[in-house]
Protein chains: 2
Amino acid sequence: MNPIEGHLPTRSPLHDILAPTGIAVIGASADPTKRGYKAMVGLIKDGYRGDIYPVNPKADMILGVKAWPSVTAIPGNPQLALICTPAATVPGLIAECGRRGIKGAVILASGFAEIGGEGAALEREMMAKAEAHGVRIIGPNTSGVFNLHHHINLLALDNVKPGDVGIISQSGNMLLSLALEAQHNGQVGFSTYVGPGNQSDIGFNDYLRYLGEDEHTRVATLYVEGFRDGRKFLEVARDVTAMKPVVVYKSGSTEQGQKAASSHTGALAGSYAMTVDLLRQSGVSVVQYSDEILPVAEGLGLLQKSRGKRVAVISDGGGQATIASDRLAEAGLELAELSEATRAKLREVLFPQASTVNPVDVAGSTDANPSLLATCMEIVADDDNVDSVFLVGMFGGYSIRFAESLLGDEMRGAEAMVDLSNATEKPLVIYSLYTPIKPPALRRLHEAGLPVYASIEQSVRVLAALGERGQYLAQIHAHARETPVDARPELTAMFRQARAEGRDLFEYEAKQLLRDHGVEVPEERVVRNEAELAAAAAALGETPLAMKVVSKDILHKSDAGGVRLNVVGEAAMHDARNAILDACRAYDAKAEIEGVLVAPMAKKGVEVIVGVIRDPIFGPVLMFGLGGIFVEILEDVAFRAIPLSRHDARSMVEQIKAKRILEGVRGESAVDKEALVELLLKVSSIVAAYPDLKELDLNPVIVNADGYAVVDARVIVDRDSDTTDKEAHT
Amino acid sequence: MNPIEGHLPTRSPLHDILAPTGIAVIGASADPTKRGYKAMVGLIKDGYRGDIYPVNPKADMILGVKAWPSVTAIPGNPQLALICTPAATVPGLIAECGRRGIKGAVILASGFAEIGGEGAALEREMMAKAEAHGVRIIGPNTSGVFNLHHHINLLALDNVKPGDVGIISQSGNMLLSLALEAQHNGQVGFSTYVGPGNQSDIGFNDYLRYLGEDEHTRVATLYVEGFRDGRKFLEVARDVTAMKPVVVYKSGSTEQGQKAASSHTGALAGSYAMTVDLLRQSGVSVVQYSDEILPVAEGLGLLQKSRGKRVAVISDGGGQATIASDRLAEAGLELAELSEATRAKLREVLFPQASTVNPVDVAGSTDANPSLLATCMEIVADDDNVDSVFLVGMFGGYSIRFAESLLGDEMRGAEAMVDLSNATEKPLVIYSLYTPIKPPALRRLHEAGLPVYASIEQSVRVLAALGERGQYLAQIHAHARETPVDARPELTAMFRQARAEGRDLFEYEAKQLLRDHGVEVPEERVVRNEAELAAAAAALGETPLAMKVVSKDILHKSDAGGVRLNVVGEAAMHDARNAILDACRAYDAKAEIEGVLVAPMAKKGVEVIVGVIRDPIFGPVLMFGLGGIFVEILEDVAFRAIPLSRHDARSMVEQIKAKRILEGVRGESAVDKEALVELLLKVSSIVAAYPDLKELDLNPVIVNADGYAVVDARVIVDRDSDTTDKEAHT
């Protein structure tokens, strides 16, 4: 299925829960330091139009609203309950809510799975009640919820305005921080916020699907400590990112951070590098630093995407043009090469000392004439080589720095920029060093929905996110994901037999699996006795050979003395076989030895590794990297969720830092990258067809200009799961 | 000389020029759009106490100050001239200034070396006049100068307050940007600013020396496109950083940025990675992003340093504690391990669900009691395992978020933090998500000189800079730089002969040089004939040997067939010698072949490279990295200016990403790092003693657990410079 055509099968049940016609506030309070007070204030102040039912056995009225002694006593029909009482009370309250017909509960208390032991037991008890009574759970251990377009502000946050940024954050402080930044820069508003907390019921994938469907949300923004169902999240993200940008900050980039996350929301972080690769594969805009979240979300919300990565810089300061050039290159963006026609037009309007090579440096031309900056932006935006325009410098401050009389011209400049942004599909990103003091021209740009940033670094991260999103959207139309190969009965039987014997596949079986599905594995044979050795020698002649022991009991063949290389001719083969058998028997007298594998030595080339793991969070994932130290020491590895598209496979090869080695160094010719891409796709298709395949490790694969050869292959068989269930797939 | 005892020999002449008792403004104007107007306004408004002499042949008075028709006509005795007129007028004006006794001139005009050709010629003409007339030049192509403690504000910047941050910036916009940020956050003030422009006379090293001596400057902050005399700068930086922090942002981290810089200030950028390494070697705090410059300068200015890298985090939000943990680890900082006593004290004051493992998460304990955060900071600051304290969260906002009644307690908390900062030498760094709206408690911290940041990322960069500076200062006392070896007459003669013959050193000569000064180079001999071969065979017995051609005409020995490895026994040596001679003659019939080098094969180990270059900007520089792809593809290399200290050598080995390979991977034992350190120090000392040594390349050096062996050595001889001059050094 082409993902852009994908549609979400049914409407998320969260719409009803997050836009209820009635809300019960359990633990409502008249004490201003309590959350049960804040929530009441939030609902009343923000003008919630539904019914509010404070629940508190000790009060008749709370903040002028009639209170009820229990959930059962409520007369109306609330869909949502906010539970502000301690953890121990929660399971009982959930049952009561369910009996009262309440569809969803927001549970603020901590003291559940994140503290382990008793807390985890309490969480299980709560979930049992929730399932029994059909109540969906937000949290526990959540900072709360708001839905500003429906005047539901259960956090009672001041000064947040309705807008189009939706937020799901496992950190309440992070939401507060974004809200304060937004309040301060005055541009961004919010749609829905949810703190998923421990995600004991509703997880990130559900919330993201909701934001994808929500008409008020133009950009979804997530702070994630850990996914519960990562595979599902990737699928939902794939659908949502085809429609609107999704910005994710994932914590746990280091071991220290993962430990901290685990004691905060009980999250299992998993490999950060893998998570980032998989999110990007699904079109997610991943931000690396927490102080980029709002700028990138704002920029993507307002500008959505750019066609590509070629940026034209217009600058009124050479130093800042230099800084911008460095940051653009570091972010993988390009300085657009301006056409001769464009440069001629720039020369017409600028001083002779101006530089019309990108980055354009106006060199004083605009000092008395700041609206000329808008003219320059128009000129470069009209160039086909340009995908986005980046204004760098002191626009907005000319009338402050030079002369007040420039204010009129500066405002005309701002107006021209607004007109240009309406006339072109190319995003305009503006950095001004005057942003902190918000002069009139910048306020005008703000009002018109043009983002203005206070740092070159932040601006460039926005430009990078726009370019990446544009490139992602351009390719998802072109590349469907590979479909599984048709599983062959004899190979399925081979897995079954290995399971029955309590072992993994033998190397020759793993290679058979690959070869039968079209993977390039050099011909080789298992030699079980002298006669088979003689036959092999006759067939192979003087070809230099590799010989390796075949035994389910010997995992590390080299350590056991079970490998001989560069063996030439029958006599040598005979000696090598005997040496291998002797060494292996000495290594492990009880080892059952099936024979010796004989294969031609691989040709010279670059050693790469292709691996498959079944990740507990994300399911089957393909891994690619160069062999040896590149994987082990430098961790220079690319990951993609299976199944891959052709684009995914190509981007894996392009992503690794060592790719220059694939492109030929020290006089070596470049390897056949397309052959490598075919291999990755084929492995993806095979894995998808054999559910008993738990892990796969092709190490090494030798790649050179003529293609590739799989030299060693291991397949780990899934021996834990139910065979019957598995066979149903084949 | 121990650098901390170093003192600058004489006082910088810049003190007189930058604090003059009279200033001539050449090109003073009554037109508000002209720099000659702005400068007049700046001087008058800021209350300059010296004499102001506007020079303009067309005016009698400018802004109420009597104007003079020419510099010559001025009656008084100005030390400084600000020249606002076009480039072409400058050489003549400089001569006139010199004749009038003016000591220094600030030249705003662009159109000099940065535009090449005619501009470069004009700059040379200007410099000839300046030298002839004893006028020192600031610029040309500079944004100007201010010295706020002396009320000299030639840029007429509004709203900059006197303070202790000195700035030297090749970008005027960068200064403006820092000034606006400072104005906005209200904490930082400035001492002196200079735009060095093209540095045709006074360069970064002079300005830094001035800031080092300036009593008003507590931290020197530099935006650098390129150094003119990088070696001198490193020496000055070494002296200044021993006294006060020096923060440098170096542009040109990418090729694009280097091009942009070159067209801006005519700067030659040089290798970015090398520049950063050398600056750090001299104790400079290098910042990578332009939006970190002010936070890091402010933090270092206020807090100076921390004892080490062990940070205690106190947080009121688990998500932000997680983010802080990730950033700290990424920045090479550690989460301090809190002692059991400290944790017990924390448990006494916090709720049971709080985490007292660093990062400390108060988990709601402070919601009704924010001053408890200060108590926690006191507790951890008292722990010997802690070097600095990092408060993360919403301090300052409790009275906004929870209840106004908390304001008093919050102010008490701020006061307690101020007291703690006075009582402890450990820096307190505070991140608050309320920073953008400046609540009272944060304003109090500001007033007391405690830095408060608006982003976790910025805070961590400040903590990292403090830790790095602390560690730098701790080691400069302990480690003097190595002194040169005593050059040996016979080796000096060897260089002289190579020069005379117009060649570089032969490999065996290079090895002799190293061996004679105590470097471990395996014994080897040059075999010139059959008799010498027989003698070598007798001496070496059955040792496996490497044999290599010796010829000044054959640079790439392997390509010429001039290398044979693993040669064993006299017969094989004989064959190998003939094969080498035949192949080399076939390769280049005219090559003069001196003989064949015979050496035992090196033992197994890790291949590393040690190199020396004479950089045009920084002089002799030592390079270290792992062999092959690590240097060529991954550019995983460390640089240090020669001479090195023992700390420098150690830090080089620790710096490379591949150091895990040196520490033993895949069952290999760790190499002898100390032996490697000795090698680096020895090479540094040798290079310092032989000025004719232009470049050196030890590639490979094999290192293992037993030490190292230099397997191949090349020495390039400096054939361009004057021999007589060089010999004077030896």
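**Notebook: two chains, their contact and some backbone details**

I began in chain B, where I found Pro140(B) in the loop that runs between strand S7 (136-138) and strand S8 (145-147). The peptide bond that joins Gly139(B) to this Pro140(B) is cis, and its omega is about 0°. I reminded myself that I am reading a predicted model.

I then looked for a second cis bond and turned to chain A, where the peptide bond from Asn358(A) to Pro359(A) is cis, with omega near 0°. Pro359(A) is in a loop as well, the one between helix H12 (340-349) and strand S17 (360-361) of chain A.

Back in chain B, I looked up Leu63(B), which has a positive phi of about 50° although it is not a glycine. Leu63(B) sits in the loop between strand S3 (61-62) and strand S4 (65-66) of chain B.

Next I asked myself how many residues each chain brings to the contact. I noted 73 residues from chain B and 73 residues from chain A. For the extent of this interface I wrote down a buried area of about 6,100 Å² between chain B and chain A, with carbon and sulfur atoms giving 56% of it. Three residues, Asn173(B), Gln256(B) and Arg401(B), supply 11% of the area that chain B buries against chain A, which is more than any other three residues supply.

I also checked which kinds of pairing cross the interface of chain B and chain A. The count of salt bridges between the two chains is zero, whereas 39 residue pairs are in polar contact there, both residues being at pLDDT 80 or more.

I went on to the elements of chain B that give two or more residues to the side touching chain A, and among them I listed helix H5 (172-185), helix H8 (255-265), helix H11 (318-330) and helix H17 (456-476). The largest share of that side, 10 residues, comes from H11(B). Sorted by class, the side of chain B that touches chain A holds 32 nonpolar, 25 polar and 16 charged residues.

Finally I looked at how chain A is divided, and I noted domain 1 (14-299), domain 2 (305-476), domain 3 (523-600) and domain 4 (606-727). The centres of domain 2 and domain 4 of chain A, taken over C-alpha atoms, are separated by 42 Å. From the UniProt record, an unreviewed entry, I copied "domain: CoA-binding" for residues 17-112 of chain A. This span, residues 17-112 of chain A, is 24% helix and 23% strand, and its end C-alpha atoms lie 23 Å apart.

Key
Residues numbered from 1 in each chain as written. Chains lettered and ligands numbered in written order. Predicted model: local features only at pLDDT ≥ 70, side-chain atom pairs only at ≥ 80, totals over all residues. Heavy atoms only, no water. Contact = heavy atoms within 4.5 Å. Buried area = accessible area lost by both parts, 1.4 Å probe. Salt bridge = Lys/Arg side-chain N within 4 Å of Asp/Glu carboxyl O. Polar contact = N/O pair within 3.5 Å; in protein donor to acceptor, adjacent residues only side chain to side chain. Helix = DSSP H or I, 4+ residues; strand = E, 2+ residues; numbered from the N terminus. Nonpolar A, V, L, I, M, F, W, Y, C, P; charged D, E, K, R; others polar. Domains from an automatic or database assignment. UniProt positions renumbered as here; feature names shortened; annotations may be inferred.
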